Amino acid sequence: MGIYSDRILPRLIDRVCGIRANDRLRARVCDGLSGRVLEIGFGSGRNVPFYPSGVSRVSAVEPADVGWRLAAGRVAQSPVPVERAGLDGQSLPFADNSFDSALSTWTLCTIPDLTLALREVRRVLVPGGTFHFLEHGMAPDAAVRRWQDRLDPVQQVIAGGCHLNRDIRGLVEDAGFEITEVDRFYEERAPKFLAAQSLGVAVSP
């Protein structure tokens with residue numbers, strides 16, 4: 001990884017994704033997490049304050065050392081044990097059926113082989129385990145999708161491989177999950193090509 005992606009980008013992501021307006025979305029997506037939780041794309045630990053009381057421990061997958069250092073204060077204050085337990089969502093270092101729930105917030109846009117990563121998440125969840133996700137991606141409106149397609153190559157360069165136009169719901173379902181609830185909406189504080197959100201829960205059969 002270069003200096004920009006390794007040292008600068010994690011700090012930018014912490015600032016952009018850490019705005020107070022996102023707190024209500026983090027609270028929604030974390031609601032219902034329980035037991036042993038896997039969080040992919042842990043980043044700087046912005047979800048930690050929103051883990052519900054039913055969570056017993058969290059295994060955090062985070063490739064950026066800077067992100068993990070930024071998370072240190074939140075991890076130290078967490079009533080739930082949090083350990084950094086992996087670097088790559090495409091190759092999770094856990095046995096099958098290791099977790100009761102999994103969590104991803106604004107992470108699925110950047111994983112190179114997302115299909116592989118989602119299958120890995122499904123593998124390590126117990127049957128009936130839940131995958132909670134909050135992601136930006138493909139917009140519901142054709143006009144916005146055209147802009148996403150045009151701007152996607154630029155976005156990948158400036159935002160560490162982030163894609164604007166991934167079909168989050170379709171990709172989660174293609175990995176074998178059953179989506180039990182999903183809310184698709186535009187976040188009002190961002191341009192529409194960036195603002196199409198999917199917040200939902202899927203079950204591993």
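Buried here means under 20% relative accessible area, and the views below come from a predicted model.

**View 1. Thr130 and its surroundings in strand E5.**
Thr130 sits in strand E5, which runs over residues 125-136. Its relative accessibility is 19%, so Thr130 counts as buried. The Thr130 side chain has a polar contact with the side chain of Ser101 at 3.2 Å, and another polar contact, at 3.1 Å, joins it to the side chain of His132. Leaving aside residues up to four places away in sequence, Thr130 touches Asp100, Ser101, Ala102, Leu125, Val201, Ala202 and Val203.

**View 2. Phe42 meets Trp68.**
The structure has 4 aromatic pairs. One of them is Phe42 with Trp68, a tilted pair at 5.4 Å centre to centre with 50 degrees between the planes. This pair links distant parts of the chain, 26 residues apart: Phe42 is in the loop between strands E1 (35-40) and E2 (55-61), while Trp68 belongs to helix H3 (residues 65-70). Phe42 counts as buried, at 3% relative accessibility.

**View 3. Phe94 and Phe99, edge-to-face.**
The ring centres of Phe94 and Phe99 are 4.9 Å apart and the planes stand at 85 degrees, so this pair is edge-to-face. Phe94 is buried at 15% relative accessibility, and Phe99 is buried as well, with a relative accessible area of 1%.

**View 4. A phenylalanine cluster.**
Here ring pairs tie Phe131, Phe133 and Phe177 together into a cluster.

**View 5. Arg150 over Trp147, and Lys192 over Tyr186.**
Arg150 lies over the face of Trp147, 4.8 Å from the ring centre. Lys192 lies over the face of Tyr186, at 4.7 Å from the ring centre.

Terms used
Residues numbered from 1 in each chain as written. Predicted model: local features only at pLDDT ≥ 70, side-chain atom pairs only at ≥ 80, totals over all residues. Heavy atoms only, no water. Helix = DSSP H or I, 4+ residues; strand = E, 2+ residues; numbered from the N terminus. Buried < 20%, exposed > 50% of the residue type's maximum accessible area, 1.4 Å probe, protein only. Polar contact = N/O pair within 3.5 Å; in protein donor to acceptor, adjacent residues only side chain to side chain. Contact = heavy atoms within 4.5 Å. Phe/Tyr/Trp six-rings, centres within 6.5 Å; stacked < 30°, edge-to-face > 60°. Lys NZ or Arg CZ within 6 Å of the ring centre and 35° of its normal.
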